[in-house]
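Got the viewer open? Let's take a walk through this one together, stop by stop.

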Amino acid sequence: MSEAQWYVVHTYSGYENKVKANIEKIVENRDMHDQVVEVIVPMLDAFEVKNGQKKVVQKKVYPGYVLIKMQMNDDTWYVVRNTRGVTSFVGPGSKPVALTESEVAAMGIEAPRRMIELSEGETVMVTTGPFENSVGIIKEVNESRRTVIVKLSVFGRETPVELDFTQVQRV
């Protein structure tokens, strides 16, 4: 089997979330988790002012498009192509074209994963950001978000700071 790659699907405008839900439901019903790995509608936090109140709202980064990480074969192509709200795969003619690694990285869909084994109580040094070269002790590790909470000494006080795995290294 080929490895799963990212593909872009064109949908009717405003149907992105319905298409995502429909594809996920079909994948669940047909037990295709090994072939269709992930379905996303890239969202971005934006600020909106209504009635003098500033609030954060989610905006679609690519309106009319859904991104799918899957293995391309006849079954997956058929399932996605015949999902209600899908107009076509992005690519020349009827041939879907997978996104390149550089396109995936530029879109921020999937950051290259750095395997790192960190645990509570370990001493680490911050390698980038405003706390660069600070040394602290890990208080909490969040594997799913790939973040750690490190107690750093800021202005003489112990302060918990949330950092990405890529921002710290063991001392």
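Contact, on this tour, means heavy atoms within 4.5 Å. With that in hand, show the whole chain: of the contacts between residues at least 6 apart in sequence, 54% join residues at least 24 apart.

Two notes before you click further. This is a predicted model, where local features need pLDDT of at least 70 and side-chain atom pairs count only at pLDDT 80 or more, while totals for chains, interfaces and linings use all residues. Residues are numbered from 1 along each chain as its sequence is written, and side-chain values use heavy atoms, with hydrogens and water left out.

**The whole view**

Switch to cartoon. You should find 3 helices and 11 strands; these are DSSP runs numbered from the N terminus, with helices being H or I of at least four residues and strands E of at least two. Follow the chain from the N terminus and the order reads β-α-β-β-β-β-α-β-α-β-β-β-β-β.

Now turn the model around. The C-alpha trace spans about 60 × 50 × 30 Å along its principal axes. Its radius of gyration is 21 Å, whereas a compact globule of 171 residues would come in near 16 Å. That radius is taken over C-alpha atoms, and the globule rule is 2.2 Å times the number of residues to the power 0.38.

Turn on the surface next. About 11400 Å² is accessible, and 50% of that belongs to carbon and sulfur atoms; the areas come from the Shrake-Rupley method with a 1.4 Å probe, and for residues only the protein chains shown count as cover. Of the 171 residues, 32% are buried. Buried means under 20% relative accessible area, exposed means over 50%, and partly exposed is in between (1.4 Å probe, protein chains only).

**Stop one: the aromatic pairs**

How many aromatic pairs does a search of the whole structure find? It turns up 2. Rings of Phe, Tyr and Trp (its six-membered ring) pair if their centres lie within 6.5 Å; planes under 30 degrees apart count as stacked, over 60 as edge-to-face and the rest as tilted.

Select Y7 and F89. Their ring centres are 6.3 Å apart and the planes sit at 80°, so this pair is edge-to-face. Y7 belongs to strand β1 (residues 5–11) and F89 to strand β6 (residues 86–89), so the pair ties together parts that are 82 residues apart in sequence. Are these two buried or exposed? Both Y7 and F89 are buried.

Now pick Y12 and Y15. Here the centres are 5.9 Å apart with the planes at 70°, so Y12 and Y15 are edge-to-face. Y12 is partly exposed at 48% relative accessibility, and Y15 is partly exposed at 36%.

**Stop two: V97**

Jump to V97, in the loop between β6 and α3 (101–107). V97 is partly exposed, with a relative accessible area of 40%. Leaving aside neighbours within four places in sequence, V97 is in contact with Y7, V90, G91 and P92. Add V8 to the selection: the C-alpha atoms of V97 and V8 are 8.1 Å apart, though 89 residues separate them along the chain.

**Stop three: positive phi**

Select D31, in the loop between α1 (16–30) and β2 (36–40). D31 is not a glycine, yet its phi is positive, about 50°. D31 is exposed, with a relative accessible area of 58%.

Finish at N133, in the loop between β7 (123–126) and β8 (135–142). Phi of N133 is also positive, near 70°, and N133 is not a glycine. With a relative accessible area of 54%, N133 is exposed.
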